[in-house]
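Q: I am new to this structure and would like a close look at a single part of it, followed outward step by step into its surroundings. Please take your time and keep the explanation connected.

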Amino acid sequence: MTNATPAATVVGAGICGSWAALLLAEAGLAVTLHERDDPDLKSSTSHWAGGMLAPDCESDGAEPVVVRLGKRSLDLWSSHLPDVPMEGSLIVAHPRDRSELDRFARQTSGHRRVDEDAIASLEPALAGRFRSGLFFPSEGHVEPRAVLPALHEKLRARGGTIRFGSEVDPAVLTGLVVDCRGIAARGDQPDLRGVKGETVLIETPEVTLTRPVRLMHPRWPIYLIPRPGHRYLIGASSIESEDASGVTVRSALDLLTAAYTLHPAFGEARIVELGTALRPAFPDNAPRIEVRGEHIAVNGLYRHGFLLAPALAEIVAGYVTTGARDNEVMRWS
């Protein structure tokens, strides 16, 4: 008689749970992934995310562990989904905001200075609009609503099972359980808080950008992320509020005004969608893996869900299969 295949239950099919389930399945476990939402995941924070994979840019203010794990995640994204765009990130500022660009350059690494001609070569739509910028060549971005189904298909191909519309309480489950519920896990992790993020999705054929562009501004620092179909996601806001009922007028005006200053053609763009979600964060804004026997909770990804999820999932899979530990993010109770 052969031993049965070890089983694992993962709760939450957002970006964190999807990567955890996939890497556990690749490690040889029989994985069942539970998700309370429908397959469209519209109530998931991941559905509304930007999807930037920018560890060097995030070194401006993020904990060093975010940069370390983010760089590892870039490799995992590329190995599992080779079509993920790795075109880098471009940072620009108007001449009057040059000090913001210089500050960002001092706070980050992995970039090179680019002049007006180099900016035009990278993004022809921005030709003549900015005199200087920073280019981070090793970064990338994903379309969350495309890569989540792709990860789910990879999980199924590895023999994993996904049960949508299945709300379960990890506390009552037995065996190996990985809790990736995000802010919904606050009942078990009371030091979690929700940080509100707001985005605007616009559409215009008048501007073509191939990579995320960040506009440095003392009041309206924003990013624009290209999406298929001449669409762009505009974001930047991180509001210490747990009111996720909708995008505020102030945020919408700030985001759209900043986009207009990046390129006037955005003034004629069509607003497709306003979105908001609560990102789960611990007091130090750093991710955490909590181990309680066979129950493992992965949470606190804050603004960095798509950047951190692959590396955190790898840590979980390594611990489950070999006992390997990453003491910078893991805790035991």
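**A loop position and what surrounds it**

A: H94 sits in the loop between β4 and α4, and in this predicted model it makes a convenient place to begin. With a relative accessibility of 8%, H94 counts as buried, because the cut-off for that class is under 20% relative accessible area. Leaving aside residues up to four places away in sequence, H94 touches R129, F130, L215, T261 and L262. Some of these names lead on to other elements: L215 falls within β11 (213-216), while T261 and L262 are among the buried residues of α7.

Consider next the two elements that the loop connects. Helix α4 (residues 98-107) lies across β4 (89-93), β5, β6 and β11, and runs at about 25° to β6. These strands belong to an open sheet of 8 strands, whose order is β5-β6-β4-β11-β12-β13-β10-β14 and whose pairing is mixed. At the edges of this sheet stand β5 (112-115) and β14 (270-281), each of which has a single partner strand, so that one side of each has no neighbour in the sheet. From one strand to the next, the twist averages 25°. Strands of a sheet pair through backbone hydrogen bonds, in either the parallel or the antiparallel sense. At the β5 edge the pairing is antiparallel, with 4 bridges between β5 and strand β6 (residues 132-136), and there V114 stands opposite G133 of β6.

The contacts of H94 with T261 and L262 point to helix α7 (residues 249-262), which lies across β4, β10 (193-203), β11, β12 (222-227), β13 (231-235) and β14, running at about 45° to β10. The 14 residues of α7, taken at 1.5 Å a residue, should span 20 Å, and this agrees with its end C-alpha atoms, which are 20 Å apart. Besides T261 and L262, the buried residues of α7 are S251, A252, L255, A258 and A259. An α-helix has 3.6 residues a turn, so residues three or four places apart point the same way. Among the elements that cover the buried residues of α7 are β4, β10, β11, β12 and β13.

The stretch leading into α7 also takes part in a charged pair. R186 forms a salt bridge with E242, and their closest N and O atoms are 2.6 Å apart. Since R186 lies in the loop between β9 (176-179) and β10, and E242 in the loop between β13 and α7, the pair ties together parts that are 56 residues apart in sequence. Both partners count as partly exposed, R186 at 31% relative accessibility and E242 at 39%. Side chains of opposite charge can pair when their charged atoms come close. The structure holds 26 salt bridges, and a few others can be set beside this one. The side chains of R181 and D179 meet at 2.8 Å, N to O; here R181 is partly exposed at 22% relative accessibility, whereas D179 is buried, with a relative accessible area of 8%. Within helix α6 (residues 144-157), R156 and E153 lie 3 residues apart, about one turn of the helix, and their side chains form a salt bridge of 2.7 Å, N to O. R156 counts as partly exposed at 35% relative accessibility, and E153 does so at 47%. A network of salt bridges links D191, R288, E290 and R292.

A further group of strands completes this tour. Strand β1 (residues 7-11) and β2 run parallel and are joined by 5 bridges, with A7 having A30 as its bridge partner in β2. Together with helix α1 (residues 15-26), these two strands make a right-handed β-α-β unit. Strand β2 also pairs in the parallel sense with strand β8 (residues 161-164), over 4 bridges, where L33 has I162 as its bridge partner in β8. Strand β2 (residues 30-35) is largely enclosed by the rest of the structure, because 5 of its 6 residues are buried.

Terms used:
Residues are numbered from 1 along each chain as its sequence is written. This is a predicted model: local features need pLDDT of at least 70, side-chain atom pairs count only at pLDDT 80 or more; totals for chains, interfaces and linings use all residues. Side-chain values use heavy atoms; hydrogens and water are left out. Two strands pair if DSSP finds at least two bridges between them. Axes are lines fitted to C-alpha atoms, for helices over the stretch in contact, and angles run from 0 to 180 degrees between N-to-C directions. Contact means heavy atoms within 4.5 Å. Buried means under 20% relative accessible area, exposed over 50%, partly exposed in between (1.4 Å probe, protein chains only). A crossover is right-handed if, with the strands pointing away from the viewer, the path from the first strand over the helix to the second runs clockwise. A salt bridge is a side-chain nitrogen of Lys or Arg within 4 Å of a carboxyl oxygen of Asp or Glu. The expected span of a helix is 1.5 Å times one less than its number of residues.
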